[in-house]
Amino acid sequence: MADLSLKHIYKVYDGEVKAVNDFCMDIKDKEFIVFVGPSGCGKSTTLRMIAGLEEISAGELRIDGEVVNDLEPKDRNIAMVFQNYALYPHMTVYENMAFALKTAKVPKDIIKQKVTEAAEILGITQYLERKPKALSGGQRQRVALGRAIVRNPKVFLLDEPLSNLDAKLRAAMRAEISRLHEKLQTTFIYVTHDQTEAMTMGTRIVVMKDGFVQQIDTPRNLFRNPINMFVASFIGTPQICFFDGVIYKEGREISYVLDCGIRINVDFYIADKIPEKYSDGKHRVAVGIRPDDVRIDDGKYKTDEWEITEAPVVMVESLGGENLVYTNLYGKNSPGEDGTLVVKTGADCEIHKGDIVKIAINKRNIYVFDRETEMNIISGIPKENIVDCEIVKGKMQLGNNSFNLPKAIYGIKDGKVKVRIPSDGVILGEGSGKGKIARVEIIDDKVLYRLEYGNYDKKDALFPLFVYEDGNQCFDEGDNVNFDIDFSKISIAERNITPLNTVNSVKCSIVKVREKNRKYTFYFDIAGELAEIEHVIREKLFAARGIEIFDTEPELIFDAFAVAAEKSDNPSRYAFLAEITEILDYGRFCFGKADLGESSVVFPYSGNVGDTVSLKISAEGVTVKDRKQDIIIV
Amino acid sequence: MKNNMKIKNLIKSNVLTKLSCLFMGIGHIFRGQTVRGIVYLLSEAVFVLYMIAFGGRYLAMFFQNFFTGGNVGFKETYISGEWDPNIGEYTKVPGDNSFHVVLYGILTLFIILFFVITWWRSVKESVTLEQLNIIGRKPRNFRGDVGHYLDAKFHTTLLSLPMIGLFLFTIVPLVTMIMIAFTNYDANHEVPERLFQWVGIQNFADMLSGNSSLGKTFWRVLGWTMVWATLATFTSYFGGMLLAIFINNKGIKFKKAYRTLFVATIAVPQFVSLMILSKMLDTGGGMPGSGGGIITQFIENVFNYHLQFGLDATTTRVWIIIVNMWIGIPYSMLLCSGILMNIPKDLYESARIDGAGPARQFRKITLPYMLFVTGPYLITQFIGNINNFNVIFLLSGGGPGDNIKYTNGAKSTDLLITWLYKLSLGTDRNYKLASVIGILVFVISAVFSLVVYNRSSAVQGEGNFQ
Amino acid sequence: MKGRQLILTCLAILWIVPLFYLIIQSFRGEPGAWSPTFFPQQWTLDNYKRLFTETNFPSWYRNTFIIALVSCIITTAFVLAVSYAFSRIKFKARKPMMNIMLILGMFPGFMSMSAVYFLLKILLPNNYQSMASLIIVYSAGAALSYYVAKGFFDTVPNSLDEAARIDGAGRARIFFEIILPLSKSIIIYTILISFIAPWCDFIFVSYIMSGVPDTSKYTVALGMYRWLERESIQQYFTTFCAAAVVVATPITLLFMWLQKYYVEGVTGGAVKG
């Protein structure tokens, strides 16, 4: 019955070791969230911060909209289940479950009623008078769950609750916890190092490593669109197999070339997503193939969907219901070496060590990672599209479409250029461009459209545009749509056109001024230019840092669109005064530029250079960062 | 709310806060923490009164000659020359009591230290209160304070009484006695009649020099103390371990009964068993009607050997160690049998498969395991034996005496600790030497445990279980 | 195996003989400190009768009992409080305090007695050679022996505290309602050790009571020690034996009864260091 919001949560030990870094997440009501990662990745620490067992070093934690950073665990309306159950050994099961209610001075008859109810849900009614010592591991875990249930918490926190149980019991309890989640209709947050648990139970999974969130996504997306090699290898059993190689491009044909010489041609739907810098044949990449996407070829697999190759069998593992066949694409003969590719087969498959087998690899589900950064280069949302355009007389030709250049970049030389258009730089549903939605993907709460324009087809030398939108999907596959280009976001290297940086960051300090009525007012001070701090922000600042806020060196970070600029010599008390130094007209939007302290800021404004404007930064759109500690305060 | 104050904030603070530096708690009283403020203010008043009425004077006397050497205290007791007919003596005008000067001087120094800490805390809080006031937050009220000390600050509540006890009856006396080691406080400078003087490290120089008779006595006593501690520790430890293994043997019947029997000897208060043993070993000392204790008589009758316990140094020492084994072996047996049962059985099984006999099993498995586990226990036992007052004092009383080799009341089986006892009580009162011995015992214990702890493999990090 | 059993029996006899001697001497009829025979020639109960009618022994016994009782209550409370705080609550001064206490523990406890004596003289000016003084001496420094109990608390899983915190209990409640009920063995160990200490102590009581003419203020250890001094041994030896039996019996039974906890405490302490 609660949603949680974690904003820029940090855990810093001894002022330097960051156990959790900038953890941001919104958890909706009734979600089952799983934190997963290897030990020491910060998952338990995060959970314990939510529980209130560890102090939150920086950031803001809200439960049901209320900031709970400084609340005691008991006041957060949460319940927690521990790995070792943490049952009070000297109390009976009943007393264990009743303890929290007794502490809260709930009347005895209500306690009895609630405990009995919870015991019934979990089927432990007959053990109520026993001590925990007399229970089995599974029963103890149920009691621990019961202790949590009776409190009617808004959020259930479970810290590796099943890792002390044996494998069989674990599977049963897994189902039971899922059932409980359904029944209680509450938010669950579950920590585990076991990816099977994560995949089977979570509605969304948070993969963490070394204190950083790697990816937050549904189980399916984690499996199919892992953001980097770590997530790819962490999720899925048997593990994904990696092969080093490069990407070759010939015309529009793109293929992965593994170091062993195997060449896999890539489907154009995927190929289009590969950023251009990788297709030079030199950039090292790691190609990932999941055992789930490999078959032993019996001749029925077609080459347009499957890549067929031969490899020696190194080892065969029988799991009873299925076999794992370890082959080696590099032709090496011992297990555990580079080039190992695991293939799942049926149990009746007659393959033995030393055989040479034909294997089929599903081309649609091949993963490619940058060898250096280990980031997935085709999953998720392509950051930008690089398209060939022609500039003709103040117009930009893109396929059959023609866009008027805005004033800010008007007058550049005619000619053919490559234009980088970020994926959020295309606006669908308006403008003069005409195109067709060829494919829709939902990735991480965002909708990704493949927009084809002009007479696009496979052989055409034109690229599609990838476009994404937050929130709801407005178009379906096959829709014809109008589109426009946001010129403030594009860049053209040949013409020295760079995107407009709309994220402003300004150094400031916080000062207090004593008024005549002996009360204090607080200001952001940017090089002597004062603007009063709005109440909301002020309270947040004080909540985060208390009186030490006056000793910190904050930096204000805000988007251009969070600024309301008005021509005026007489600013409201929450606004800064500044003089326009430059006007940038991008057609759809017109921006003003002004100096504020040492840095210059941009904001939507359509007056003239030299105007004196008052700049009011909206409270919702501003982020305050501690420059010294590099931590976001608000 | 964190409490890191910067001096800058104090300088920028308002009058009320600055006033709180002078009158602790003023700021609290006016900013919503009335009770806390009153407690601060009262403690300042008490402190000032204490210093004026008492502490200041003693501090002055304490430091008067502290660095230069000389009298501890201003004036000595003197005979006034007036005849007091009631007691038939000249009236004595009491002077200062040097020992009190040291004791109260130390106490006052600690009180000043605590006051300064409290003062600094109150100032910090005062500044915080002002800042809280600025940002419009309310401070914790008295009820909140009480709750705070039962929850977040519960350790303060838990520790306060034990620490007051520790401070008053361990720390202050100990520091006082350490100071006494730098004076010439002895029977010739007896308080309250006479003052004693600061003498710097003179006592240490006397004690540690190899030439003086005192120095020779010290080194002899120290030597025996170390021999005793080593022998007593190891005989009991290994004896107990062997006994435990012996009883633990598969073929032995009535294990529990044997164990209980041995444990009974620990359970009897030590002073009872030691005193009865000392009388059993006694030679009778020419007292009428006897040939001495029952053991002495037994040995006399059976071996025709006259036991010289309490008369001959070596005999006495040997028998003290034997008696100590009688006391110590059941004790370490009790400990060892607990640990023996915890040695993983598979270690022995694999050793047996490898063909190792019982002796080899003991050498390769039991002994290393026991040493590993009980390493820290051995250290405490060793230090405990250095300070084993009871066994020596109740068995031999330190005797036999030897006026040639020993001075200042020490006798041939005295440990440093029993010598210390004799020096602080009885006819040979010599507090300065007692303190010096105390400090040296500390140094020996500290050095020993530091060395062993650093080498011991059994040093385990705490909190492994959490 | 027979041989081993025999050796063990011999050892057991060797160990029990002094205690046996003590008991039978308490029934000896002939006077004097030394008798030429192991077994008395005349058996009697007079020594016991005399002990309770003609000597100060009953008041020593009462003194010791009261001192032991009060000081064991204070000591146990102090030790549990300190060890819980050190084990569970990670406050800033924790490590320095533990180190200081470790160092303090290495000074011989007796060294500071003269100063303690003077302090008691100030605090209890009319009554400094009394039970109250001895109680203070035995229990004021109890905090120093936190180690064994802390070792025990360290083994109680921290998640119990955390579960209780989430259940809404403050630290005080956790201590009293969760941790203490779980610590039976260590509480009994602490009580046992601190209750027995005053019965066996000689060094402190002999200092505090030095020069007290009224022997009825003594504890058993000091009083009985005086009996065996040269001047009185001839007269009091058999009485001493009777008194020893009276003192040792309850203590021994108590110890044997609670032996399990004692071993747990000592082994725990030794193993944890």
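I began with a definition, because I needed it for my first helix: a residue is buried if 20 or more other C-beta atoms lie within 10 Å of its own, and exposed if 12 or fewer do. I also noted that this is a predicted model.

With that in hand I looked up helix 10 of chain C, where the buried residues are C:I186, C:Y189, C:T190, C:L192, C:S194, C:F195, C:P198, C:W199 and C:C200. This helix covers residues 184-200, and its 17 residues reach 24 Å from the first C-alpha to the last, close to the 24 Å expected at 1.5 Å a residue.

Next I turned to the contacts of chain B. I found 73 residues of chain C in contact with 87 residues of chain B, and helix 1 (residues 2-25) of chain C gives the most to that side of chain C, with ten residues. By class, the side of chain C that touches chain B has 56 nonpolar, 14 polar and three charged residues. For chain A and chain B, the contact takes seven residues from chain A and eight from chain B, and the chain A side divides into three nonpolar, one polar and three charged.

Last, I checked the backbone of chain A. A cis peptide bond joins A:T237 and A:P238, with omega about -10°, and A:P238 lies in the loop between helix 8 (229-234) and strand 11 (241-250). A:Q185 has a positive phi, near 55°, although it is not glycine; I asked myself whether A:Q185 is buried or exposed. A:Q185 counts as exposed, because it has 9 C-beta neighbours inside 10 Å.

Definitions and conventions
Residues numbered from 1 in each chain as written. Chains lettered and ligands numbered in written order. Predicted model: local features only at pLDDT ≥ 70, side-chain atom pairs only at ≥ 80, totals over all residues. Contact = placed C-beta atoms within 7 Å. Nonpolar A, V, L, I, M, F, W, Y, C, P; charged D, E, K, R; others polar. Helix = DSSP H or I, 4+ residues; strand = E, 2+ residues; numbered from the N terminus. Expected span 1.5 Å × (residues − 1).
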